[in-house]
Amino acid sequence: MTEDLSTSAPDSVLPSALRRRGFLIGASGAAALGALALAGCGSGGSSGGGGGKPRRGGKLRAAFAGGGANETLDPHLASLFSDVARAKALYDKLADFDDALTPRPRLATKWEPNKALDRWTVTLRKATFHNGEPVTAADVLFSYRRIADPKKAFRSKADLEPIDLKASRAVGKNTVEFRLKRPTAEFPDILAAFGAYIVPEGTGSFAEPVGSGPFRLVSFSPGKSTVLRRFDDYWDGAPYLDELEFVAANEESARINALLGGQVEYAHELSPTTARAHERGGQIEIVRLKNSSMQSFAMKTDRPPFDDKRVREAFFLIADREELVRGALSGAGEVGNDLFGKGYTYYAKDLPQRTQDLDRARHLLKEAGAENLKVTLDTSDVASGFTEAAGIFRDQAAKAGVKVTVKNHNPDSYWSDILDSGTLCSYRSGAMPIEMHISQRLLTGSPTNATKWHHKDFDTLYQQAQSTADRAERSALYGRMQRRLHAEGGFLVWGFADWIVGTAKNVRGVARQAPANSLDWARFDKVWLA
């Protein structure tokens with residue numbers, strides 16, 4: 001799907017904070033949380049010099065790496081960052097995560113649990129879809145039941161698993177009573193789940209999508225361009241922009257050149273090298289979201305050679321994380337310790353930092369009968385630093401007697417290619433709560449289980465953690481899960497990178513502290529042109 005994006009092309013044909021949770025429910029905290037009713041909160045700071053009073057009007061063009069013919073307007077299928085940015089412009093969720101990954105009300109105004117934490121009542125705000133119809137409890141239940149369809153593979157299906165959707169019911173038009181399969185202390189996280197958008201009851205096609213988000217669809221050309229127009233009746237206030245266009249530009253060089261050439265006003269996911277080159281140049285604004293992207297290699301644990309945990313441990317010990325951060329991220333990040341969510345709530349910070357140990361790696365490989373091992377590392381320039389990290393790790397592995405062949409894939413199909421195929425691949429993730437990372441990627445039924453980590457006892461431990469009201473006990477359970485992943489999991493997490501975007505000098509309102517996947521990341525309804 002990748003095309004050569006030239007900055008000489010006119011814009012009309014351009015191919016087109018740490019998780020410091022404010023309320024973790026314990027047995028004594030449920031009642032206090034029950035009365036929660038917060039407005040959607042904005043992040044601190046915004047890009048653009050001078051600030052000034054927001055003004056309406058104009059069109060902003062935003063360049064994202066696209067997904068080619070696989071791009072979709074179905075928000076429940078959104079997987080790529082471009083899909084998610086488009087989905088959040090068109091649709092809304094009941095809640096979303098703020099900069100600290102705390103769930104904040106969106107279409108919901110409040111949620112109230114019973115004492116047992118197995119029944120939650122959610123009250124909806126007054127909001128309308130683009131067709132003028134109100135958002136109702138029936139729409140919420142329809143959307144969640146669609147996501148949970150056992151015949152489908154929607155992204156947030158695993159997150160909704162604790163909900164008994166057959167027993168859940170509408171209590172009037174504006175209230176939903178969610179009945180759960182077991183007590184769930186962090187139910188509000190489910191309302192903010194990645195991809196859990198609300199669509200009108202009965203929706204069967206997304207050719208002409210109807211959402212309740214700040215923009216409505218004008219046109220959609222998969223892999224090229226999506227044009228949206230302001231929705232004046234948006235419940236959170238009409239956007240400042242008249243129009244918003246998402247432009248597909250898979251190469252990072254194409255995105256920065258389009259920004260420099262005035263063909264777009266926003267360029268998503270720039271490299272550290274590009275950021276340093278332009279940070280003080282004055283021509284564009286650079287926004288850094290510190291350490292918000294996990295950088296890793298994913299080992300398929302269900303097939304040779306990585307079905308042997310000794311081989312996985314050997315690969316953990318081959319990695320020189322400091323060299324990977326210096327070389328692949330140009331130092332714009334920090335080392336990882338083979339676990340997701342460094343600094344987030346529940347992160348197992350007590351585990352010793354793993355460092356390179358080639359002698360021990362060779363010993364483990366010999367013990368596993370994997371001397372002179374040959375393996376293919378699938379990668380792509382779909383993400384900044386992927387190919388650089390692959391080359392560095394190839395050279396590191398050679399020192400342990402492992403021959404790694406780097407195979408470069410088409411960016412357009414990379415994520416679908418590596419989900420089920422191959423044995424070792426480059427992998428990354430934006431921010432999300434650790435428990436959501438587990439539900440989406442590490443349970444037997446997880447829809448994006450790239451490491452093929454399938455262990456029923458691990459699934460049971462996760463459900464136990466979900467059902468534990470006491471925070472300290474719940475934290476201990478997540479600690480047990482992470483210790484196992486650290487010892488024998490499939491994610492070799494070598495670093496956490498800064499997430500970098502660039503904007504034209506006249507763009508205002510771009511959040512400076514919102515990690516990818518949070519509410520204020522790629523949030524264009526609060527952006528304006530000076």
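Let me begin with a pair of strands: strand 9 and strand 10, the latter covering residues 243-248, run antiparallel and are joined by five bridges. Before going further I should say that this is a predicted model, so please hear everything that follows as a description of that prediction.

Staying with strand 9, which covers residues 225-230, five of its six residues are buried, so that the strand is mostly covered. On the side of strand 10, T226 has F246 as its bridge partner. Strand 9 also pairs with strand 8, residues 215-221, again in the antiparallel sense, and here over six bridges. In that pairing T226 of strand 9 stands opposite F220. Strands 8 and 9 form a hairpin with three residues between them, and in the turn G223 has a positive phi of about 80 degrees.

Let me turn to a sheet elsewhere in the chain. This is an open sheet of four strands, in the order 4-5-7-6, with antiparallel pairing. Its edges are strand 4, at 108-113, and strand 6, at 169-170, each of which pairs on one side only. Between strand 5, residues 119-124, and strand 7, residues 175-179, there are five bridges, and these two strands run antiparallel. If you would like one pair to look for on the screen, T121 has E177 as its bridge partner in strand 7. Packed on this sheet is helix 3, residues 137-147, which touches strand 5, strand 6 and strand 7, and whose direction makes about 35 degrees with that of strand 7.

Next comes strand 17, which covers residues 491-504. How many of the residues of strand 17 are buried? The count is 14 of its 14 residues. Among its partners is strand 12, residues 284-299, which pairs with strand 17 in the antiparallel sense over twelve bridges. Strand 11, residues 266-267, runs antiparallel to strand 17 and is joined to it by two bridges, while strand 13, residues 333-335, pairs with it in the antiparallel sense over three bridges. Particular residues help to place these pairings: G502 of strand 17 has A267 standing opposite, and I286 also stands opposite G502. For strand 13, the bridge partner of G333 in strand 17 is A497.

One residue of strand 12 deserves a moment, and that is S296. With a relative accessible area of 2%, S296 is buried. Leaving aside residues up to four places away in sequence, S296 touches C425, S426, Y427, R428, F491, L492, V493 and W494.

Now to the helices, where helix 15, residues 471-488, will be our reference. Helix 14, residues 456-466, packs against helix 15 at an angle of about 155 degrees, and the two axes are 8 Å apart. Why is helix 14 called roughly antiparallel to helix 15? The term applies because angles over 145 degrees count as roughly antiparallel, and the angle here is about 155 degrees. The crossing of helix 14 past helix 15 is left-handed. On the helix 14 side the contact is made by D457, F458, L461, Y462, Q464, A465 and Q466, and on the helix 15 side by R474, L477, Y478, R480, M481, R484 and L485. By class, those residues divide into eight nonpolar, two polar and four charged.

Helix 15 also packs with helix 8, residues 309-318, at an angle of about 85 degrees and with the axes 7 Å apart. These two helices are therefore roughly perpendicular to each other. Here K309, R312 and F316 of helix 8 meet L485, H486, A487 and E488 of helix 15, a contact with three nonpolar, one polar and three charged residues.

I will finish with some backbone details in the loops. In the loop between strand 12 and helix 8 we find P305, and the peptide bond from P304 to P305 is cis, with omega near 0 degrees. In the loop between helix 13, at 434-441, and helix 14 sits K452, whose phi is near 55 degrees, a positive value in a residue other than glycine. K452 counts as buried, at 11% relative accessibility. Lastly, A522 lies in the loop between strand 18, at 507-508, and strand 19, at 528-529. A522 has a phi near 50 degrees, again positive in a residue other than glycine, and with a relative accessible area of 7% it is buried.

Technical notes: Residues are numbered from 1 along each chain as its sequence is written. This is a predicted model: local features need pLDDT of at least 70, side-chain atom pairs count only at pLDDT 80 or more; totals for chains, interfaces and linings use all residues. Side-chain values use heavy atoms; hydrogens and water are left out. Axes are lines fitted to C-alpha atoms, for helices over the stretch in contact, and angles run from 0 to 180 degrees between N-to-C directions. A crossing is left-handed if the near helix is turned anticlockwise from the far one by less than a right angle, and right-handed if clockwise. Contact means heavy atoms within 4.5 Å. Ala, Val, Leu, Ile, Met, Phe, Trp, Tyr, Cys and Pro count as nonpolar, Asp, Glu, Lys and Arg as charged, and the others, Gly among them, as polar. Buried means under 20% relative accessible area, exposed over 50%, partly exposed in between (1.4 Å probe, protein chains only). Two strands pair if DSSP finds at least two bridges between them. Angles under 35 degrees count as roughly parallel, over 145 as roughly antiparallel, 65 to 115 as roughly perpendicular and the rest as oblique.
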